[in-house]
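Hello,

Here is the structure I promised to pass on to you. Please have it open while you read my notes.

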Amino acid sequence: MRGLRRRQTVIIARTEVARSIFSRRVLPVLLLVGMPLSLALLRGLFMPEARRANIGHTTADFAQMFFFFYLRFIVFFSCAVLFVKLFRGEILERSLHYSLMAPVRRRVLVVGKYLGGLASTWILLLGATVVIFVLFYVAHGSLGLRYLISGAGIADLAGYLGVVALACAAYGALFLLAGLYFKNPMVPAVLFLGWEAATPFLPAALKALSIVHYLGSLLPVPPVMGPLAMLAQPVAPWVAILGVLASIGVSLALAVRKARRLEVTYSAD
Amino acid sequence: MSDERIIFRGVSKFYGEVLGVNRVNLEFKPGLTGLVGPNGSGKSTLMHLMTGLLSPTKGEISVLGIPPNRPERLFRAVGYCTQYDSFPAGATGATFLRQTLLLHGMDRGQADARAWEVLEQVGLTDAARRKIAGYSKGMRQRIKLAQALCHRPSVMVLDEPLNGLDPMGRAEMIQLFREMADEGRYVIVSSHILHEVDLISDAVVMIHGGTVVAEGGIREVRAEIKSQPIQVLIRCDRPHAVAGRLFDFKHVVDVRILGDGEGLMVRTEDARSFFADLTGVIVESGVAVETVMPADETVHAVYDYLIGQPGGTT
């Protein structure tokens, strides 16, 4: 029975990957990812000759771009687009009943869809992270390549990939939940973006309810926070990882609870 | 709860303050059951409740001993062809069925083989590799049916399954439903075409305003409608001779000679006594009788008596 559930999970996940990556659903994500890619490309093309010899600038620039733009905006909205559609997309297409008529526990359905969304965002966003990171450094020619291959580049890249992977997992679980609860999940998504942006100003207890607070504590190169640095209060990496995992667990548990009560009432949705 | 029946016990469903179905007590038996009622009467709600796509506000439902909120067990036994004319984006006929069968635990080879077998059964082999979005209405109806029956369920719930099918397709599907019912499976069909329900059903459930107004074999249901005398058609060579004698019986309320003069229509309040007395009349008058048959033991007539004109039904 457990084997069957595992197979069902894989089938559902695989289907969601195909729906997310090989359909029009992927277009907004490609547009989003295209922004930092273009930025990295233009930065490399128009980098003043004098800066090409100094890789430290690029490391700092990437850290700023990654935290304030890529993670908070591109990864956030890419996850919103793909994970919200896992259930809400089927409700809008009026095909949710086929998912609910499969001989599958609702829990398996939620987990399968979540893993499908996660695999899709990982493929797209981890891939994009690698390309953007490389584009930032190849502008430095052989110096950049050496940094990427034998310098600290690989370790930094691995750190950023870990943060993106965790961000997809945490935001994904949250947006899957939003897709189950809200008719227009983009409204709570934008509100949550505001909450995430306000994190530095929140008291410590409320910071714990922010995902970016934990992700920021895991960055391989801390961004320059300016006056906000005093308010950031980063946590230890193991606390950050536990915090992210806890948020995933809570979101998925609530999603399973909601999915068990899910009804097909398209006219009301 | 029994393991071999489909039972509704005191089931009500409200959508906010809007009534879906109210205090439904039903028991479906194996065979073909027609579910009839006007638009918005609660037929689809009843089917959704039976298949767990809706949860009852009150009451309990058991499908062969399985509560509908256990899809992992329920949909091994149940196939549901819904009213919705929508499909997963990008699916072809073959991938749609294969996906269903894989989720039932078949391996790829088995799923492919069974998918093609069912596609052939519903006449869609030529279109199997085309996207369902490009199918005609009739083809979409066939693929929905294929999806509902591909895993060989013992309960088939079919919401307007004949919609959009051409006459040949309807005949094929009706035969298929009949075969499944004859195998002892539960086949529950809603249809707005009452004469088709009449032709294929072993029993009917009539629903109106969210309430079940009648259930059972059509003859039993008809017999329960005491307010409407039963109509009997008699085709014979000397209808006037028979008519004169029939007026002697108290239970006969009306006798009309047919327009072609070759028979008569009798309305009686007591069918059993009527048929007993009719035998004597025929023997004594010596008329040659071609046919004696109830004229309103049909879904159409019963529907008309209980619910009203069936023109607007779905």
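Below is what I found in it, beginning with how far to trust the model.

This is a predicted model, in which local features need pLDDT of at least 70 and side-chain atom pairs count only at pLDDT 80 or more, while totals for chains, interfaces and linings use all residues. Residues are numbered from 1 along each chain as its sequence is written, with chains lettered from A and ligands numbered from 1 in the order in which they are written.

Chain B has a mean pLDDT (the predictor's confidence in each residue, from 0 to 100) of 88, and 96% of its residues reach 70 or more. For the complex, the predictor gives an ipTM of 0.87 and a pTM of 0.87.

Let me start with the sheet in chain B. Six strands (DSSP runs of E, at least two residues, numbered from the N terminus) form an open sheet with mixed pairing, in the order S5-S6-S7-S3-S8-S9. Strands pair if DSSP finds at least two bridges between them. In chain B, S5 (78-81) and S9 (211-216) are at the edges with a single partner strand each, so one side of each has no neighbour in the sheet. On average, neighbouring strands of this sheet are turned by 15° against each other, direction ignored. Within it, S6 (residues 155-159) and S7 (residues 186-190) of chain B run parallel and share five bridges; Val155(B) has Tyr186(B) as its bridge partner in S7(B).

Next, a pair of helices (DSSP runs of H or I, at least four residues). H3 (residues 93-103) and H4 (residues 108-121) of chain B pack at about 125°, their axes 9 Å apart; axes are lines fitted to C-alpha atoms over the stretch in contact, and angles run from 0 to 180 degrees between N-to-C directions. That angle makes H3(B) oblique to H4(B), since under 35 degrees counts as roughly parallel, over 145 as roughly antiparallel, 65 to 115 as roughly perpendicular and the rest as oblique. Among the residues making the contact are Leu97(B) and Leu101(B) of H3(B), and Ala115(B) and Val118(B) of H4(B).

Finally, where do the two chains meet? The contact (C-beta atoms, placed from the backbone, within 7 Å) takes 22 residues from chain A and 24 residues from chain B. On the chain A side, H1 (2-21) and H4 (96-100) each supply at least two residues, and H1(A) gives the most, with five residues.

Best wishes

Methods
Two residues are in contact if their C-beta atoms, placed from the backbone, lie within 7 Å.
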